Every structure is written in structure tokens, then in C-alpha cells.
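New to this one? Take a look at the chain below, and then we'll walk through it together.

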Amino acid sequence: MKRTQLAAAVLLATGSVSAFAATYSVTPLPLQDTARNNFARSIDNSGKMLSVVQLEFNPPIDAEQLEEDTTFFDQFGESLENEDDARQGVFTDIDYTTVVNYLLSNPNLTTGQKLASYRTYATDTQDISLVPGLDEVTDKFDDYTRSVESTGRDSLNGNFIVGDSSGLVVLDPYENEDGDTLNYTYPESAQQAFVQASGETKVLPAVDDTVGGFSSARAINANLQVAGFSTVSFRDDVADAVETCTDDESRGDTSEGRCLFTIYNGDFAVPRISSYFINSSTNYLPSFVLLSEVNATIWQIDVNGDVISTDTYPLLFEPDEDDTRHYFTYAYDINNQGIAVGEGLTGDRITITRPNTSGRTESERVATVFRDGETIELLPREENIISQAIAINDENWVTGAVLRSQSDIARSRLFVYNLDTQEQHYPDGFFVSAGVTANAINNNNIVVGKADVDATSDTLRDTAAFMYNIDTEEFTNLNDLVSCDNPYELIEAVDINDDNEIIANARIKATNKYVTGNDIINSDGETEEIDSVVAVKLSPLSNGSIDECEIPEDEQPYERKGAATGLLAFFGLFAAVFMRRRIKK
């Protein structure tokens with residue numbers, strides 16, 4: 001749904017437009033024929049973009065594994081359109097979709113083929129190329145296995161790509177005590193940070209690489225420093241488990257590799273500040289990581305992607321000797337001066353009342369700066385409940401989010417802070433109680449992200465992509481900077497480069513498709529439209545002009561406070577005729 005937003009109101013009220021608020025064209029990334037959804041990840045100064053695709057079309061199916069190593073045909077054989085053909089690897093659109101959904105929904109089966117739900121592509125809006133992570137080309141498929149989840153997170157001039165990858169899924173035949181052969185399949189490591197340089201992928205290893213360790217790469221600067229985090233130590237429980245797995249007598253009737261997999265198995269997700277988090281829970285962290293200490297890590301690589309040196313940044317405090325809880329520092333971004341930013345746990349717990357919940361005790365997290373070997377807390381703790389730094393530019397402006405209470409309900413709020421001058425701002429979003437999430441900042445001091453657009457009491461509110469100019473203090477809805485006939489609803493701006501080009505996530509109606517990519521035709525012989533999320537590139541239009549767009553009654557603007565002067569007068573003046581100023585190509 002398109003709504004009138006702040007920028008349009010200001011333009012109508014003042015008749016002027018600031019220099020930063022360039023008008024924008026919208027170009028979808030060329031991935032609609034690759035997968036059902038694709039999500040924005042990053043855009044660098046060369047214009048190269050990374051996008052993560054979900055539910056990729058036409059994955060290869062190992063029919064032999066499907067029949068011999070799973071219970072698929074026992075469960076679904078009779079409901080297939082053609083079971084005999086399916087057993088031979090020949091599928092109708094419906095049967096193919098059923099098979100793929102089965103494999104995607106059962107990633108933890110001990111045997112059978114594994115498929116990744118997400119993979120990454122690099123693109124310039126014309127061509128696309130796979131970022132395979134740790135996946136490999138096999139003779140069986142004459143292509144990548146598609147068993148590896150690869151998340152590209154940042155790139156440098158299109159030449160260096162960093163991100164995270166699950167381990168390659170291996171086939172491990174094991175003859176058990178009954179003489180039966182079990183074809184175990186599992187990823188051979190936990191999540192690993194990687195760099196792709198000149199098309200070759202290399203692991204950025206964890207400091208403590210017990211059973212492969214765990215690591216994540218989040219950003220790369222012009223000096224080839226990669227910022228992220230990795231395991232630096234494990235509790236004795238992990239060493240004891242490894243010893244059990246490597247002992248033929250103690251590990252039980254299973255293979256050594258499969259036993260080790262049970263140690264490092266688990267999905268990892270860093271929670272944003274708007275999410276509940278406690279460091280002794282398994283909501284976001286696998287037990288393998290919960291039994292470790294994770295530190296912000298800076299890998300220095302050379303032009304070939306090889307690691308020259310590794311630096312880590314310690315916790316904000318020294319835990320007691322008998323404290324066995326998991327603690328971390330994470331680095332999310334790094335500028336060309338080698339200053340990284342992120343977050344760390346303080347060791348304390350606090351009670352937070354989030355939307356539609358009573359107060360819950362969770363781990364205290366604070367925004368941090370990593371420089372000169374030190375981990376430094378960024379913001380005064382007494383002013384914020386928790387905080388998280390997400391990005392930093394070469395002017396040493398840091399942006400992220402703080403959690404503050406509005407009417408006793410805690411929602412995220414944008415902050416910007418200058419390391420040199422200590423200047424700081426906490427701008428409102430589209431209204432006073434709006435939740436705001438920052439994702440990136442460029443060297444023109446423009447922050448992009450997403451912000452609530454509906455002042456409801458719901459836990460999940462509709463969001464819109466925004467950009468905030470630190471120098472002019474203008475907070476703008478990017479939906480107001482595109483043409484009236486633009487079909488894309490911009491829900492989140494994910495990254496921005498120094499040409500003010502933006503990569504964003506957008507919602508659009510699209511034709512529902514089978515996993516083959518063919519359209520689904522209903523009983524009436526018609527296609528069906530569903531909501532899809534796609535990544536788009538927003539490009540500034542130097543000669544753009546302002547257009548007025550009529551707004552349906554159900555999309556009329558609402559009052560927003562504290563964002564700009566003259567808004568109340570504007571809404572009163574135009575109460576009868578709702579118009580918005582938008583960009584005309």
C-alpha cells in the first residue's frame with residue numbers, strides 16, 4: 001500500500017526540495033526467473049549488488065537418494081500425479097514441487113539429499129553470477145549441489161565478496177552393527193566466514209577452530225580488512241564431546257563424522273535490537289556456539305583472499321571464573337580507517353517490555369567500537385535500555401539503534417554518533433513512537449533502513465524504506481521519491497553507496513509459480529497473484545521532477561508529530577483533496 005509520507009508533505013508545504021532528496025528510478029534485480037523471492041544484501045561503489053534468493057527454481061533432485069534413503073514415497077507416493085515416473089526422477093510440475101518442499105522442510109534427517117533454502121547472487125542489474133560459498137560442483141549434477149546456504153554480506157568493487165556459508169553436505173556411508181548401510185548426509189562444518197576473490201572462495205577461519213569452529217564475515221574495507229566475529233574458546237564440554245565422537249567404543253553405533261555433526265549442528269541468527277535475546281537460550285544460537293566465547297574479529301587478507309593476520313576484540317567485562325554463560329562481541333561494519341563497530345554483552349540482565357508482551361528479563365547488549373585493540377562502549381547506558389551499532393562511514397559517523405520506552409513500551413530508535421566530535425542525534429521516524437531500524441550509512445552521511453508507518457499497538461507494523469540525512473536532519477520515505485506508477489512498495493532500504501544508489505527490499509504482486517518456474521493455473525484456468533519480496537535498485541535521477549498522485553480514501557495520510565514544521569497546517573489545508581507529490585520520470 002502506498003501512503004503519503006513526510007517528504008511529500010514537506011515539499012507541498014514549502015514548495016522546495018533539498019539537494020540530498022534526489023528523485024529515484026526503480027530497477028528490479030534480474031532474479032525473478034531464478035527464485036520466488038530475493039532479498040537485498042548490499043551495494044558497493046562499483047554498483048555491484050548482492051541478493052539472497054529464497055525457494056530457487058529447478059534444484060537438482062537425486063532420485064536414488066529420494067527412494068532409498070528417505071520415507072518420501074511411503075508418505076506421499078499415492079498422492080503423486082505419477083509415482084512411477086517420480087521414482088525415475090521424472091516429475092510433473094506438482095510432483096516436483098512436492099519433492100522439493102519435502103526436502104526443504106526436513107533438513108535434519110539423518111539421511112537423504114539436502115537442499116539449501118537460501119543462496120546468494122551478485123548482479124549489476126543486467127547479469128547475475130552465483131556466490132556459491134563452500135558449495136562445490138559435482139559430477140552427479142554437473143553443477144553445484146545446492147546443499148550449501150550461502151549469504152553474501154558485503155563486496156568491494158565487485159572483486160571481493162565476503163559473507164557466511166554452511167559447510168558442504170557430504171555423503172558418509174556407514175555400516176551399522178546390524179550390517180545395514182546408512183548413507184548419512186550432513187554439512188561438514190558449522191557456519192564459516194568466507195571471502196570470494198577472483199572467483200575463488202576461501203574460508204576465514206575462527207580463532208578457535210575446534211570441530212571447524214564458527215565464524216561470520218560482515219564487511220570489507222578498501223584495505224582488505226574483513227570485520228566479523230568468530231569463536232575464540234570453548235568450554236570443556238565441547239572437548240569432552242569431541243573425545244567421545246573420536247573413540248570407537250564410546251560414540252555408539254554411528255559414524256565419527258555424523259557424531260561430530262551433532263556437536264556443531266544448529267542454525268545461527270544474530271537478533272536485531274528489536275528481538276528478544278537471552279544468552280542462555282537457544283532461540284538464536286546453536287548449543288555449539290552457546291558453549292563458546294565469540295569475539296569481534298578482523299581478518300587482514302591479501303589480494304588473493306589469503307589471511308595475513310587476525311585480530312580479535314575482547315568482551316566488555318571479565319566474567320567470573322564460575323560463570324559458564326555464553327558471551328560475545330560482534331563486529332558488523334568497518335571503515336577505511338580500520339575502525340569497526342558492533343555490539344557486545346555487558347554480563348547484566350535487564351527487564352524489557354516489548355509490544356504486546358509483559359516485561360521479560362533478557363541479556364543487556366550495548367553498541368561498541370573496536371579500535372586499537374580495545375572494545376569501547378559507545379553510548380551512555382543510563383539513556384538507553386540496550387543499543388546496537390550497525391554501520392560506520394569514513395567520517396566516523398556511527399549509526400544503529402537504541403531501545404527506549406515510549407509509553408512504557410520499548411521500540412527501536414535510530415541513533416547517529418560521531419566518534420570525533422561526540423555529536424549525536426536520535427531522530428524520530430515517521431511518527432514519535434515509530435520503530436526505526438538502521439542498516440547502512442554512506443560517506444555522504446546518509447543513513448538508510450526501515451521504519452514503522454502505522455501507529456498501531458501491534459507487535460509487527462507495516463514498514464517503509466527510509467533515508468535520513470545527518471547534515472540536514474531530514475527523514476524521508478523513499479516511496480515518495482519514485483514515480484506515481486511505480487508498482488513496488490519499498491519496505492526496507494538495505495544499503496547505500498557513495499553515489500547515493502540504494503538497494504532495497506520491495507513488496508509486489510507476482511504470479512504464483514511451481515518450483516519449475518512455471519505458472520500455477522487454478523481450476524478456473526487462471527493464474528494466481530501472491531505477495532512476493534524482491535530486491536530493487538534505486539538510482540538517483542538528476543533531472544527528475546515532482547508529480548502529484550491521487551490517493552485512494554483507504555490510503556489517506558495520518559498525522560505525524562515532530563518530523564517537520566507546518567504539517568498540521570498542510571493537512572488542514574488539503575483535508576478535502578488528498579494529493580501527494582511524487583517523482584515524475
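First, a term you'll need: pLDDT is the predictor's confidence in each residue, on a scale from 0 to 100. It matters here since what you're looking at is a predicted model. Over the whole chain the pLDDT averages 87, and 87% of the residues reach at least 70. Two stretches are another story, with pLDDT under 50 over residues 1-22 and again over residues 556-585. Here they are, with the contacts the model gives them:

| Stretch | pLDDT | Contacts beyond four places in sequence |
|---|---|---|
| residues 1-22 | under 50 | 62 contacts |
| residues 556-585 | under 50 | 85 contacts |

Now for the overall build. The secondary structure comes to nine helices and 34 strands. Of the chain's 585 residues, 55% count as buried. Take the contacts with a separation of 6 or more: 61% of them are between residues 24 or more positions apart.

Next, the empty spaces. The structure holds four cavities of 30 Å³ or more, and the largest has a volume of about 90 Å³. What lines that largest cavity? Its lining is made up of L55, E56, P59, V100, L104, L115, A116, S117, R119 and R146. Sorted by type, that's six nonpolar residues, one polar and three charged. Strand β3 (49-56) and helix α5 (93-104) each supply at least two of the lining residues.

Let's stay with α5 for a moment. The helix has twelve residues, so at 1.5 Å a residue it should span 16 Å; its end C-alpha atoms turn out to be 17 Å apart, which agrees. The buried residues of α5 are D95, Y96, T97, V99, V100, Y102, L103 and L104. What do they pack against? Their partners are β3, α2 (63-68) and α3 (72-76). So β3 turns up twice in this story, because it packs against the buried residues of α5 and also joins α5 in supplying the lining of the largest cavity.

Last stop: a cysteine in another helix. C245 is found in α6, which covers residues 236-246. Is C245 buried or exposed? With a relative accessible area of 3%, C245 is well under the 20% cut-off, so it counts as buried. Leaving out residues up to four places away in sequence, C245 touches R251, E256, C259, L260 and I263. One of these is another cysteine, C259. C245 and C259 sit 14 residues apart in sequence, and their C-alpha atoms are 5.5 Å apart in space.

Conventions. Residues are numbered from 1 along each chain as its sequence is written. This is a predicted model: local features need pLDDT of at least 70, side-chain atom pairs count only at pLDDT 80 or more; totals for chains, interfaces and linings use all residues. Side-chain values use heavy atoms; hydrogens and water are left out. Contact means heavy atoms within 4.5 Å. On a 1 Å grid over the protein atoms alone, a cavity is a set of points where a 1.4 Å probe fits but cannot get out, and a pocket is an open set with protein on both sides within 12 Å along at least five of seven lines; lining residues have an atom within 4 Å of a point. Grid points are joined across faces, edges and corners, and a volume is the space filled by probe spheres set on the points. Helices (H or I, at least four residues) and strands (E, at least two) are DSSP runs, numbered from the N terminus. Ala, Val, Leu, Ile, Met, Phe, Trp, Tyr, Cys and Pro count as nonpolar, Asp, Glu, Lys and Arg as charged, and the others, Gly among them, as polar. The expected span of a helix is 1.5 Å times one less than its number of residues. Buried means under 20% relative accessible area, exposed over 50%, partly exposed in between (1.4 Å probe, protein chains only).
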